[in-house]
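Work through the following exercises with the sequence and the model open side by side. Each task is followed by a solution that proceeds step by step.

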Amino acid sequence: MPQIKLSLDEVDALARAAFRKVGCDEANASALTRTVWRAERDGAKSHGLFRVPALVAALASGKANKTATPKITKRAGVVLQVDGDQGYAPTSHDVGLPELIEVAKTHGMAGLAIRDVFHFAALWPEVETICDAGLVGYAMTASPPYMAMPGGKRRVFGTNPIAWGWPRNEGAPVIYDMATAHSARGEVMMAARDGHDVPLGAGIDADGNPTTDPAKILEGAQLPFGGYKGAALALMVDLMAGPMIGEKTSLGIEAADDGVGPALGGQTIFAFNPEMFGGADAMVGGEALFADLKSDPGVRLPGDRRAAVRPTTPTDGVEIPASLHEAIQGLT
Ligand code: NDP
């Protein structure tokens, strides 16, 4: 597939123009652009410019709010809630994360329930924002059901991702961010688009048979990673980003959605101040563990890949398919 090279500044301009053209106000266009830009910068292609046409389509149809104005309230001591106003999650993060960080720094921990948002992206950007403030972060979100329970063939859970992150004194934080599915849905979609197989275990066809054909998995169901263990984590996400915060489960999200584009749901985010739990030794202990782990040649920490591919100057480039570039330019 022919590729073209864009500087990070061009990535920003391309995405921003598409969001502004469809009618986003400055706050929404900036929050969305930053999330897409961060994904491209870190080589997280399935949540980068690849998503822009679908994001714009949901804005153009009026499904996602172009001028969402999220509102934050304190429900109890360290429990915060953001009403996302049916916008995309990054706009709610801009409103909720500074307060979450402030409360966790003061009281040792804080929780943020984000309701009525479309979460289309990776979770590491919001976790990274928390870690950059010196805190431990934990985030999860439920999505429409694409995944069957082991032994079943009915789609019951979204690919329900979980991410956690640990701050570092220097350099990028350690962040683990995964779908509870064997693979993120974007990966299966890109494999179908590019005509290559996915590993066995990624999903089943509509009759419940294991397959490596991504197109058949999109008609059938994805599977959790690690069998019942991944399924149990997907269940935990369904509960903690669903009923626990007054939001819908994966099946509830599907029932309330028109099936076109992203679906409204919730996100739960926690921040912990390690120094309030363990004193200054908490950070020292973390650094000692990382050094120990990395003393074994061949070992890397979660987040190292993104940090390693991250361009060092804004004029450094990333590659995207020429057809995607053309499609996004057609939106501007
Ligand atoms: P991956 O399996 O690619 O990676 C999962 C984690 O494992 C990453 O943190 C990665 O770190 C780490 N990792 C990979 N290899 C190693 C290794 N050898 N040693 C140590 N750590 C390693 O991610 P998924 O495919 O499961 O998920 C992709 C993305 O999709 C996630 O960002 C997730 O949030 C997102 N998603 C979003 C959804 C939504 O509804 N918004 C739904 C489902 C998924 P590193 O980054 O350094 O490679």
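**Exercise 1. Determine how the shell around the ligand divides by residue class, and which elements supply it.**

Step 1. The shell around the ligand holds 11 nonpolar, 5 polar and 5 charged residues, where Ala, Val, Leu, Ile, Met, Phe, Trp, Tyr, Cys and Pro count as nonpolar, Asp, Glu, Lys and Arg as charged, and the others, Gly among them, as polar.

Step 2. The model is predicted: local features need pLDDT of at least 70 and side-chain atom pairs count only at pLDDT 80 or more, while totals for chains, interfaces and linings use all residues. Residues are numbered from 1 along each chain as its sequence is written, and side-chain values use heavy atoms, with hydrogens and water left out.

Step 3. Strand S9 (174–178) and helix H12 (304–309) each supply at least two residues of this shell, and S9 gives the largest share, 4 residues; helices (H or I, at least four residues) and strands (E, at least two) are DSSP runs, numbered from the N terminus.

**Exercise 2. Identify which residues come nearest to the ligand, and list polar contacts with the ligand.**

Step 1. Of the 21 residues around the ligand (a heavy atom within 4 Å), Ala121, Asp177, Ala179, Gly303 and Arg305 come nearest.

Step 2. Among the polar contacts (N or O atoms within 3.5 Å), a side-chain N or O atom of Asp177 lies 2.5 Å from an oxygen atom of the ligand, and a polar backbone atom of Ala121 is 2.7 Å from a ligand nitrogen atom. For Ile175, a backbone N or O atom is 3.4 Å from an oxygen atom of the ligand.

Step 3. The ligand on its own has 940 Å² of accessible area (Shrake-Rupley method, 1.4 Å probe), of which the protein covers 74%.

**Exercise 3. Locate the largest nonpolar core and state which element gives the most to this core.**

Step 1. A nonpolar core is a set of buried (under 20% relative accessible area) Ala, Val, Leu, Ile, Met, Phe, Trp, Tyr and Cys residues joined through side-chain atoms within 4.5 Å.

Step 2. The largest core has 30 residues, of which Phe19, Leu49, Val52, Leu59 and Tyr88 touch the most other members. Helix H1 (8–21) is one of the elements that give two or more residues to this core, and H1 gives the most, with 6 residues.

Step 3. Leu49 has contacts (heavy atoms within 4.5 Å) that include Leu14, Val36 and Ile320, not counting residues up to four places away in sequence.

Definitions and conventions. Buried means under 20% relative accessible area, exposed over 50%, partly exposed in between (1.4 Å probe, protein chains only). A polar contact is a pair of N or O atoms within 3.5 Å; within protein, one must be able to donate a hydrogen and the other to accept it, and residues adjacent in sequence count only if both atoms are side-chain atoms.
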